[in-house]
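Reader: I would like to learn how to read the features of a model such as this one, taking them one at a time. Could we look at it together?

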Protein chains: 2
Amino acid sequence: MDWANVAERAGSTPPLAVSTVVFALRQGTEDEPASLRLPLVRRDREPYRGRWALPGGPLRGDTSLRTAAAAYLEQTTGLAPTLLEQLYTFGGTDRGEGARLVSVVYWALVRFEESDAALVDDPGVAWFRADSVEVTGALAFDHSRIVDYALARLRAKVAYADVAHRLLGERFTLAQLRGAHEAVLGQRLDPANFRRTVKARGGIEDTGEVLTGVRNRPPRLYTAASHRDPSVVPDPEGDPT
Amino acid sequence: MDWANVAERAGSTPPLAVSTVVFALRQGTEDEPASLRLPLVRRDREPYRGRWALPGGPLRGDTSLRTAAAAYLEQTTGLAPTLLEQLYTFGGTDRGEGARLVSVVYWALVRFEESDAALVDDPGVAWFRADSVEVTGALAFDHSRIVDYALARLRAKVAYADVAHRLLGERFTLAQLRGAHEAVLGQRLDPANFRRTVKARGGIEDTGEVLTGVRNRPPRLYTAASHRDPSVVPDPEGDPT
DNA sequence: TCAATAGTGTCTATCAGACACTATTAC
DNA sequence: GTAATAGTGTCTGATAGACACTATTGA
């Protein structure tokens, strides 16, 4: 009701940070399927010194939330996100030791494999399986819970929106796209049914090319079609790409 | 990466405010159907003095975001929300005149009709149709866009989750529940199909009672069933009710 | 030839929309 | 009785899962 003088009270407002849950696809081997990974940063200060945490930091100056999230992401992984959406803002009073903090958290998808060279070489950064972050020892603050929530949201979204291709390169086979879905969902999908549903959704286009050099029938290569899905409510401050 | 000293930099972080888009159901008359309404507050300070704005204000001290949203809601409407979820955090650098501001916005459903007496008597508060806020003259800041986004999210959610009953009282008929859905969606629904789908979802329970005094066959009264829908990802900091 | 994956076709159960039909009240 | 809404039943078209089947490559 009375918030006109918000600016003057800046000092009385809790500090604000931006973090990002970054998902990437780790290529599968012959035996094990592809898996979803995420980068964490080792904290070198108190509180939670030495524990793994989400990449992020304070929101400075006059940068937008989204820009800040992308900047911290680039700093720690050297990658530009192919998808960056706001996840949730955590502002509880019991988020862990240390001062009161409000965190605006984003989630991102990046392309991993083809640009290993771009990854920063920093012993303070490591990649972990997204489906078992708690196994790696407790994360700093409430970050374990945040990762779980991000994964739940990603799993829900992958079921109705065309986002999985953003874990892959420009051109991809349907098997690769299915592998991405399987890695996100953590379960096998029927190849025939997957093909049918994903083609019916209209999110992919046949390039006419095929992938050669495999020891079986060469699969077709597809691209993501630029189409607006009316059933998806877009991120209001998201990049309109 | 380096966010350990967020607390010490508190002063460098933009101010933080909490606002809420509150939805209520305005009972329909014989001619026109029920409609979705929301309360707005007239600003009495610059910037945007005299314009209508969402109820809200700065986030003070050590209250959680959710608690702050509920408090501002109660101040302006005198009502307690039956549903309160986080909507989005707006932190762009071009949100309107005045200083830089980050707004964590919630959306809420309240019960309107039965407690008219509880509504605050303040000329600075008025209720508007949710589907045509822009008609009422431009709102302050980017609040028109926020209302549009909240309505889009509510419409999406009402299609797959049992939330519409939170606009009604403890007991309700299927026609009332359908009227709530129709008010949210802005379109008519087939009574027979609505009955079938909503009963199949399992979100309602037959109380065994009927509503008498109507000039037709008396309808049964239902209550919201307390059941967890596994297809809905819950608000991570939401009230576990 | 065989192994392996790509890709097609089909059956079935489920579900949403359309809509005809019956039931029960006030008047 | 009539008007009006409550509530049931049924048909149809779209869709997802299960799975049999054909196609095309490397070795």
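Reader: Which residue forms a salt bridge with Arg66(A), and how far apart are the closest N and O atoms?

Author: Before answering, I should say that this is a predicted model, in which local features need pLDDT of at least 70 and side-chain atom pairs count only at pLDDT 80 or more, while totals for chains, interfaces and linings use all residues. Residues are numbered from 1 along each chain as its sequence is written, chains are lettered from A and ligands numbered from 1 in the order in which they are written, and side-chain values use heavy atoms, with hydrogens and water left out.
Side chains of opposite charge can pair when their charged atoms come close. The rule for a salt bridge asks for a side-chain nitrogen of Lys or Arg within 4 Å of a carboxyl oxygen of Asp or Glu. Here the partner of Arg66(A) is Asp239(A), and their closest N and O atoms are 3.9 Å apart. The pair links distant parts of the chain, 173 residues apart, since Arg66(A) belongs to helix H1 (residues 65–77) of chain A and Asp239(A) to the segment after E9 of chain A. Helices (H or I, at least four residues) and strands (E, at least two) are DSSP runs, numbered from the N terminus.

Reader: How many salt bridges are found over all chains, and what is the count between chain B and chain A?

Author: The search of the whole structure gives 20 over all chains, whereas the count between chain B and chain A is zero.

Reader: What, then, is found across the interface of chain B and chain A?

Author: There are 16 residue pairs in polar contact, both residues being at pLDDT 80 or more; a polar contact is a pair of N or O atoms within 3.5 Å, where within protein one must be able to donate a hydrogen and the other to accept it, and residues adjacent in sequence count only if both atoms are side-chain atoms. On the side of chain B that touches chain A, H2(B) gives the most, with six residues. That side divides into 28 nonpolar, 19 polar and 14 charged residues, where Ala, Val, Leu, Ile, Met, Phe, Trp, Tyr, Cys and Pro count as nonpolar, Asp, Glu, Lys and Arg as charged, and the others, Gly among them, as polar.
In total, 61 residues of chain B are in contact (heavy atoms within 4.5 Å) with 62 residues of chain A. The buried area, meaning the accessible area (1.4 Å probe) that two parts lose on being put together, summed over both, is about 5100 Å², of which carbon and sulfur atoms give 61%.

Reader: Which residues lie nearest the centre of the largest pocket?

Author: Rolling a probe the size of a water molecule over the atoms shows where empty space is left. On a 1 Å grid over the protein atoms alone, a pocket is an open set of points where a 1.4 Å probe fits, with protein on both sides within 12 Å along at least five of seven lines, and lining residues have an atom within 4 Å of a point. The largest pocket is lined by 48 residues, with Gln27(B), Thr173(B), Ala175(B), Gln176(B) and Gly179(B) nearest its centre. H3(B) gives the most to this lining, with eight residues, and by class the lining has 20 nonpolar, eleven polar and 17 charged residues.

Reader: What lines the second largest pocket?

Author: Its lining has 40 residues, of which Gln27(A), Thr173(A), Leu174(A), Ala175(A) and Gln176(A) lie nearest the centre. H3(A) gives the most, with six residues, and the classes are 17 nonpolar, eight polar and 15 charged.

Reader: Where is the peptide bond cis in chain A?

Author: Most residues other than glycine have a negative phi, and most peptide bonds are trans. The bond from Glu46(A) to Pro47(A) is cis, with omega near -5°, and Pro47(A) sits in the loop between strand E2 (35–42) and strand E3 (52–53) of chain A. Tyr48(A), also found in the loop between E2 and E3 of chain A, has a positive phi, near 65°. In chain B, the bond from Glu46(B) to Pro47(B) is cis, with omega near -5°.

Technical notes
Contact means heavy atoms within 4.5 Å.
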